[in-house]
Amino acid sequence: APSGWHTSWNCDRTDNVVWGVEKYFTDDYGVTYVLFADGTASIAGVSGIVSEIVLGGHPEFPVTEIPANLLNGRSDITKITIHSDITKIGAYAFYFMTKLNEVEFEAGSKAASIGTGAFGYSKLLKTITLPASVEEIKANAFVASAGLETVTFEEGSALTTMGNYVFLNCTALKSVYLPDGVTSIGASILNGAKQATVQVAN
């Protein structure tokens with residue numbers, strides 16, 4: 001709390017109180033960015049109904065993470081573009097997006113971590129190309145994305161770790177070609193994906 005405020009101070013309103021906010025900005029996609037006094041920034045939320053959305057890339061709001069649950073349950077968005085400055089996709093960020101059919105990582109992506117359940121239940125998503133920068137895919141990242149057929153890793157992939165049940169119940173998935181740098185594969189990553197096989201690059 002600010003200097004001089006009593007430690008027992010509270011508020012009867014339901015709003016969150018955030019210290020050190022410099023400014024807010026909402027772009028044409030309805031994405032609201034927040035800039036903090038220390039120069040860091042975050043995505044506060046997404047408002048309105050849109051079919052396509054770009055996350056990150058605003059020059060005054062240097063966002064590097066997509067928050068957990070950001071678009072969880074959205075039924076309007078069909079395409080997501082992830083700016084190259086994003087390094088982390090939070091847990092369940094794009095979970096249960098019933099109309100999502102395209103995900104694009106910008107060239108030169110720095111995305112290193114894909115969170116738990118991030119793309120789970122994205123049933124219309126048929127293919128995805130993961131950038132070479134991705135080092136870790138956490139548990140259930142694509143769980144029950146029943147339309148997913150192809151997962152491609154860019155040449156020179158830095159992937160080392162895959163959590164449990166990454167492709168659980170991805171029933172349309174046929175094959176996954178893992179980069180040769182993978183050193184840790186979790187339990188039953190293809191459980192329920194009866195057509196799929198895993199091959200590791202030489």
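Rings of Phe, Tyr and Trp count as a pair here if their centres lie within 6.5 Å. With that in hand, let's walk through this predicted model, starting with its rings. A search of the whole structure turns up eight aromatic pairs.

Take Phe25 and Phe61, one of those pairs. Their centres sit 6.0 Å apart with 25° between the planes, and planes under 30 degrees apart count as stacked, so this pair is stacked. Where do the two rings come from? Phe25 belongs to strand E1 (residues 21–26), while Phe61 is in the loop between strand E4 (52–55) and strand E5 (65–66), so the contact ties together parts that are 36 residues apart in sequence. The two partners differ in how much of them shows: Phe25 is partly exposed, at 32% relative accessible area, whereas Phe61 is buried, at 2%.

Phe61 also pairs with Tyr33. Here the ring centres are again 6.0 Å apart, but the planes meet at 35°, so this pair is tilted. It's another link between distant parts of the chain: Tyr33 is in strand E2 (residues 31–36) and Phe61 in the loop between E4 and E5, 28 residues apart. Tyr33 has a relative accessibility of 1%, so it counts as buried. Elsewhere, Tyr92, Tyr95, Phe96 and Tyr121 make up one aromatic cluster.

Now for the charged side chains. The count of salt bridges comes to five. Back at the E4–E5 loop, Glu60 bridges to Lys23, with the closest N and O atoms 2.5 Å apart. Since Glu60 lies in that loop and Lys23 in strand E1, the pair ties together parts that are 37 residues apart in sequence. So the loop that holds Phe61 and reaches Phe25 in E1 also reaches E1 through Glu60 and Lys23. Both ends of this bridge are partly exposed, Glu60 at 42% relative accessibility and Lys23 at 33%.

Is the bridge between Arg74 and Asp76 made of buried or exposed residues? Both are buried, and their closest N and O atoms are 2.8 Å apart.

Finally, look at Glu102 and Lys79, whose closest N and O atoms are 3.7 Å apart. Glu102 lies in strand E8 (residues 102–105) and Lys79 in strand E6 (residues 79–82), so this salt bridge ties together parts that are 23 residues apart in sequence. Glu102 is partly exposed at 35% relative accessibility, while Lys79, at 18%, counts as buried. Glu104 joins in as well: salt bridges with shared partners connect Lys79, Glu102 and Glu104 into one network.

Definitions and conventions
Residues numbered from 1 in each chain as written. Predicted model: local features only at pLDDT ≥ 70, side-chain atom pairs only at ≥ 80, totals over all residues. Heavy atoms only, no water. Phe/Tyr/Trp six-rings, centres within 6.5 Å; stacked < 30°, edge-to-face > 60°. Helix = DSSP H or I, 4+ residues; strand = E, 2+ residues; numbered from the N terminus. Buried < 20%, exposed > 50% of the residue type's maximum accessible area, 1.4 Å probe, protein only. Salt bridge = Lys/Arg side-chain N within 4 Å of Asp/Glu carboxyl O.
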